Amino acid sequence: MNITRAGKLATLLAATALLATACGSGSSGDASSPDASKPVKIGISQYVTHPSLDAVTEGFKKGMADAGYTGDKVKYDLQNAQADASTNTAIMNQFANDKLDLVLAVATPAAQAAAQAITDAPVLFSAVTDPVDAKLVKSVEAPGGNVTGTSDKNPVKEQLELLKKLDPEAKTVGIVYSSGEANSAVQVKWAEEAAGELGLQIKKSAISASSEVQQAANSLDVDAYYVPTDNAVVSALEGLLQTAQSKKIPVIAADGESVKRGATATYGINYEKLGEQTAQMAVKILKDGAKPADMPVETLTDVELYVNTAAAKKVGVEIPQDMIDQAAEVYKK
């Protein structure tokens, strides 16, 4: 009788241990292998509202849907810091407490806040110009932590070369940039290096808030403006465009959406496609168990020419026909 009881007890203990192991495998804290029976929880924080970053977020969700993450298979927590530093930090701290399966940080300040707050879940960034300079990854090839993503590094020299086609006599280029954004300082440096090769001089004005954009643009006596992928400046682009129109000088942008809004021209990336590419990285993490530490930072290799003939007319510039013929998008209003 005692032997039988001992045998039953041993069997019960073994079954209990097996059940505990099975339950533990679904809640081990490994965010790269979420429980397939539950919706994947993804936090998305966009640093500020403007068309390029909006396109990244929508492209990411589209890419996830294309991979089967629709309906009850995915749950998004969508947040926007509206360029407020304290809100940006608070969002990421909340994401860290929520034990999400994955976090998407859109723009450099959002990514920096995510990297500081979240250490036990995969973090993907997008629309980050230089992730190494921003201290998000150890290197582009081997990020080395729980953070990786996609860069929107733009071809600054090629963009400034457009100015020489639009106005061969141009000598000075004004840049309004945010002193608080690491990605902006990097782009100003690239522009200064490229300008030297093109016989141009950069004049710059730093701002601390988007409300200062128009005043800063007015302070620059230049032949043209160059607008980097600076979140504070792009979110208040209309003020700079008004100043350009009053001075009758062209605006070279760093992204196609800014040309659609009234800049003259750019070689730029498609931000919706960038978001879709970031989603593909997310799928590798969620479905295949890939680790951000081993996933190189990705970029879009194809840039496209965008021109706005109506904007050019407003500042008294004629876009050469060969540029119009080569453009992926020609905006006429």
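Is Glu197 buried or exposed? Select Glu197 in this predicted model: the residue is exposed, with a relative accessible area of 56%. The tour returns to this residue after a view of the whole chain.

**The whole chain**

Begin with the protein chain in a cartoon representation, where 13 helices and 13 strands are to be found. Colouring by accessibility is informative here, since buried residues account for 49% of the 333 residues. Switch next to the surface: the accessible area is about 15,200 Å², and carbon and sulfur atoms contribute 51% of that total. For contacts between residues at least 6 apart in sequence, 70% join residues at least 24 apart.

**The charged pairs**

Side chains of opposite charge can pair when their charged atoms come close. In this model, the count comes to 6 salt bridges, and three of them are visited below.

**First stop: Lys157 and Glu197**

Select Lys157 together with Glu197 and display their side chains, which meet in a salt bridge with an N to O distance of 2.7 Å. Lys157 belongs to helix H5 (residues 156-166) and Glu197 to helix H6 (residues 182-198), so this pair ties together parts that are 40 residues apart in sequence. Lys157 has a relative accessible area of 32%, so it is classed as partly exposed, whereas Glu197, at 56%, is exposed.

**Second stop: Asp120 and Lys99**

Move to Asp120 and Lys99, whose side chains form a salt bridge of 3.1 Å, N to O. Here the partners lie in loops: Asp120 is in the one between helix H4 (108-117) and strand E4 (123-128), and Lys99 is in the one between helix H3 (85-97) and strand E3 (102-106), so the pair ties together parts that are 21 residues apart in sequence. Asp120 is partly exposed at 42% relative accessibility; Lys99 is exposed, with a relative accessible area of 55%.

**Third stop: Lys62, Asp66 and Glu276**

Select Lys62 and Asp66, which form a salt bridge whose closest N and O atoms are 3.3 Å apart. Both residues lie in helix H2 (residues 51-66), with a spacing of 4 residues, or about one turn of the helix. Lys62 is partly exposed, at 37% relative accessibility, and Asp66 is exposed, with a relative accessible area of 57%.

Which residues are linked with Lys62 in a network of salt bridges? Add Glu276 to the selection: the network comprises Lys62, Asp66 and Glu276.

Technical notes
Residues numbered from 1 in each chain as written. Predicted model: local features only at pLDDT ≥ 70, side-chain atom pairs only at ≥ 80, totals over all residues. Heavy atoms only, no water. Salt bridge = Lys/Arg side-chain N within 4 Å of Asp/Glu carboxyl O. Helix = DSSP H or I, 4+ residues; strand = E, 2+ residues; numbered from the N terminus. Buried < 20%, exposed > 50% of the residue type's maximum accessible area, 1.4 Å probe, protein only. Contact = heavy atoms within 4.5 Å. Areas by Shrake-Rupley, 256 points an atom, 1.4 Å probe, with all protein chains shown as cover.
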